[in-house]
Structures are given as C-alpha cells and as structure tokens.
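Q: I would like to learn how to read ring contacts in a structure. Can we go through them one feature at a time?

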Amino acid sequence: MMHKHWLNALAVAALALGTVLPYARGNDTQLWLKFFVEGKLPQGFSVHLEEELRYQDDASEFYDEETLAMLKYDVTDWLNIGLGHRVVQERKNRPVYTSKKQDDGSLSYSKVGDGDHYWQNEQRPTLDLTLKIKLASWRIDDRNRFEWRMKDDGGSDYLRYRNRLRVRSPWKLTALALNPYAYGEGFVEDKPGLSGSDMFNRYRLATGLSAQFAENIKGGLYAMLQSDRGKVSGWDRFGVIGVDMGVSF
C-alpha cells in the first residue's frame, strides 16, 4: 500500500513539473486546440480525422490551422500502420524595412517590424509506424512518423522523420477515468541547407491527462515544452497548453 502511494505521489509530481516547465523555460505560451473523430472499421482498419487550431503570442494570435485525415491498420497487437494526409495553413508576417543612405550614396535596409501577413500552405503526406507494448500494466508506444513536406514557398520538397515515445500509466482516476501520460518527441529534417547534427532541429517534452467524458466522448489536457534549434546558436523554446476533444465510435 505504501509503495502504491509513493507511485501516485511521483506521478502527481511529474505532472506538476511538466505544467510548470513550459512557463519557466519558454519565450511564449501558446494554446493548441484539437478536435477529432475516430472510429473502427472492419478487418482491423480504423479512421482518424482531426482539426487543430494554434494560437501564439500568449494565446492572443491565431497562426496555424492543421487538418489531418488518416487510415490506420492493426497489423498485430504490437504494430499499427497509418497512412494519411495533413493540410497546414500557417500565418507568415511580411517584414517592414527602412532605408538609409550611406556616405557613398548607396542605400542600406534594416528591418523595423512586421507589416501585413499571408497564409502559407503546406501539403504533408504522412506514414506512421507505431510499436506498442505493455510493461506491468504500463502502456508504451513508439510512433515513427515520416512526413513529406510540400510548401508553397518556392523551396524544394523534403522528408521529415519524427519519433515519439509515450508512456501511459495504468491508473484511471475519478469517474472521468483520468489517465496520466508523458512523452518525448524528436524531429529530424532532411531539409536543403541542413546537414549533420543540424538536421535534428526540434524536440518536445509533454505530460498530460486523458479523460472519458461519456461513452463515445473523450479528450484531455496537456502541457508541453517545444524546443527549436536557433538560426544562429542554441535552442528557442516556448510552452504549450493543449486541449483535445473528440468523438470515438
């Protein structure tokens, strides 16, 4: 009994740390809202549809919309394959420059701020290979995601690989069946201009709670820290509070 209490205390402490960490280390606090519909189909197939809305600048500016449709297949109890397509609309600000005349008569330009904005479109075919195991009632899944990124910015298309390792606890707390979980995810991009260790340019650390609100309605709340490799040096970080809500059938 004492051992169980210690485990519960450790889980609560981990959740509290995950909630505080984005605020303590991040340069911004963002809000990500995800709405989804998922359901099982015959012969081990399932379908997943989601819409995600993201707000930056302390959740005051809408800057990203992502729509995903994916067909999944359970190959075995420990392997799931997913094939899908994501459409991204991301807000991009147009910089404003001022000119200054030099002694030799030439002009130099310096950025003074942001002006109007536009929406950049990205088409992203996606392949998921997810490995699933159980260890003493703890559920562990390792998702390997391959994304082919096609942006309308005039650049070349390229491949991005993402690996997410997620651990779900065996606990179902309260009548909502609150289930604590945590994950880490790394991003590697084969993007033109990147090579060596620079290709690993993003990672995420998150912890959260999933809940079952009704027989077919579920959702959750999570806190995440995202770190992006800086253009000059170091890592740029921001925190995210995320809310998921969807229907499962």
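Q: Which ring does the charged end of R54 sit over?
A: In this predicted model, a charge counts as sitting over a ring if NZ of Lys or CZ of Arg is within 6 Å of the ring centre and within 35 degrees of the ring normal. The charged end of R54 is placed over the ring of W32, at 3.7 Å from its centre.

Q: What does R168 lie over?
A: R168 lies over the face of Y181, and the distance to the ring centre is 4.9 Å.

Q: How many aromatic pairs are there?
A: Two rings pair if their centres lie within 6.5 Å. By this rule there are eight aromatic pairs. One of them joins F62 and W119, with 5.7 Å from centre to centre and 40° between the planes. The pair counts as tilted because its angle is neither under 30 degrees nor over 60.

Q: Where in the chain do F62 and W119 lie?
A: F62 belongs to strand β3 (residues 61-76) and W119 to strand β5 (residues 107-135). The two are 57 residues apart, so the pair links distant parts of the chain. Y55 forms one aromatic cluster with F62 and W119.

Q: What is the relative accessibility of F62?
A: The value for F62 is 28%, and W119 has 35%. Both are partly exposed because these values fall between 20% and 50%.

Q: Is K134 buried or exposed?
A: K134, in strand β5, is exposed because its relative accessibility is 64%, and the cut-off is over 50%. The C-alpha atoms of K134 and R168 are separated by 9.6 Å, with their positions 34 residues apart along the chain.

Key. Residues are numbered from 1 along each chain as its sequence is written. This is a predicted model: local features need pLDDT of at least 70, side-chain atom pairs count only at pLDDT 80 or more; totals for chains, interfaces and linings use all residues. Side-chain values use heavy atoms; hydrogens and water are left out. Rings of Phe, Tyr and Trp (its six-membered ring) pair if their centres lie within 6.5 Å; planes under 30 degrees apart count as stacked, over 60 as edge-to-face and the rest as tilted. Helices (H or I, at least four residues) and strands (E, at least two) are DSSP runs, numbered from the N terminus. Buried means under 20% relative accessible area, exposed over 50%, partly exposed in between (1.4 Å probe, protein chains only).
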